[in-house]
Amino acid sequence: MPGHQSVLVRLPKTGAVLLTIDAAARQRSFTPEREAGPSDENEEMLRASTRKLLDLAQREQVSLVVFGHDGEQWQTLKTAPDWYE
């Protein structure tokens with residue numbers, strides 16, 4: 001869906017962390033040939049956006065990609081009182 005933003009954060013010890021938020025909500029959809037879902041308006045724009053994030057992750061040597069709604073991944077992430085630094 002148009003308008004979603006992602007954030008790249010560089011942490012001193014963890015390294016580059018990419019927060020895809022809703023631009024890539026689940027790890028299984030983080031592929032170059034991503035298929036559009038019911039609420040996606042334009043599959044080609046969706047794929048172009050996903051490819052841009054994949055390229056960014058590779059170029060910036062991202063150590064962690066956090067997906068906005070990936071329940072399986074969220075179970076593996078550090079939460080308070082732990083943190084990424």
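**View 1. β2, helix α1 and β3 build a right-handed β-α-β unit.** The model shown here is predicted. Helix α1 covers residues 43-59. Strand β3 covers residues 64-67 and runs parallel to β2. Four bridges join β2 and β3. Ile21 faces a partner across this pairing: Phe67 in β3 stands opposite.

**View 2. β1 and β2 form a hairpin.** Three residues lie between the two strands. Strand β1 spans residues 7-11, and strand β2 spans residues 15-21. Their pairing is antiparallel and counts five bridges. Within it, Leu8 of β1 stands opposite Leu18 of β2. Strand β2 thus has two described pairings: antiparallel with β1 and parallel with β3.

**View 3. The whole chain follows the pattern β-β-α-β-α along the sequence.** It holds two helices and three strands. The C-alpha trace spans about 40 × 25 × 20 Å along its principal axes. The radius of gyration is 13 Å; a compact globule of 85 residues would have one near 12 Å, so the chain agrees with that expectation. Of the 85 residues, 28% are buried. The accessible surface comes to about 6100 Å². Carbon and sulfur atoms account for 51% of that surface. Contacts also reach far along the sequence. Taking those between residues at least 6 apart, 49% join residues at least 24 apart.

**View 4. The largest nonpolar core gathers 11 residues.** Its members are Ala16, Leu18, Ala23, Ala24, Phe30, Leu53, Leu56, Ala57, Val62, Val65 and Phe67. Three elements give two or more residues each: β2, α1 and β3. Helix α1 provides the largest share, with three residues. The elements of the β-α-β unit are therefore also the ones that give two or more residues to this core.

**View 5. Leu56 sits in the core and contacts Leu8, Leu18 and Val62.** These contacts leave aside neighbours within four places in sequence. Leu18 and Val62 are core members too. Leu8 and Leu18 also stand opposite each other in the hairpin strands.

**View 6. Ala25 lies in the loop between β2 and α1.** Is Ala25 buried or exposed? Its relative accessibility is 14%, so Ala25 counts as buried; the cut-off for buried is under 20%. Beyond neighbours within four places in sequence, Ala25 touches Phe67, Gly68, His69 and Asp70. Which C-alpha distance separates Ala25 and His69? The two are 4.9 Å apart in space, although 44 residues separate them in sequence. Phe67, one of the contacts of Ala25, belongs to the largest nonpolar core and stands opposite Ile21.

**View 7. Gly3 lies in the segment before β1.** Gly3 has 71% relative accessibility and therefore counts as exposed; exposed means over 50%. Trp83 is 80 residues away from Gly3 along the chain. Their C-alpha atoms are separated by 29 Å.

Definitions and conventions. Residues are numbered from 1 along each chain as its sequence is written. This is a predicted model: local features need pLDDT of at least 70, side-chain atom pairs count only at pLDDT 80 or more; totals for chains, interfaces and linings use all residues. Side-chain values use heavy atoms; hydrogens and water are left out. Two strands pair if DSSP finds at least two bridges between them. A crossover is right-handed if, with the strands pointing away from the viewer, the path from the first strand over the helix to the second runs clockwise. The radius of gyration is taken over C-alpha atoms; the globule rule is 2.2 Å times the number of residues to the power 0.38. Buried means under 20% relative accessible area, exposed over 50%, partly exposed in between (1.4 Å probe, protein chains only). Contact means heavy atoms within 4.5 Å. Accessible areas come from the Shrake-Rupley method with a 1.4 Å probe; for residues, only the protein chains shown count as cover. A nonpolar core is a set of buried Ala, Val, Leu, Ile, Met, Phe, Trp, Tyr and Cys residues joined through side-chain atoms within 4.5 Å.
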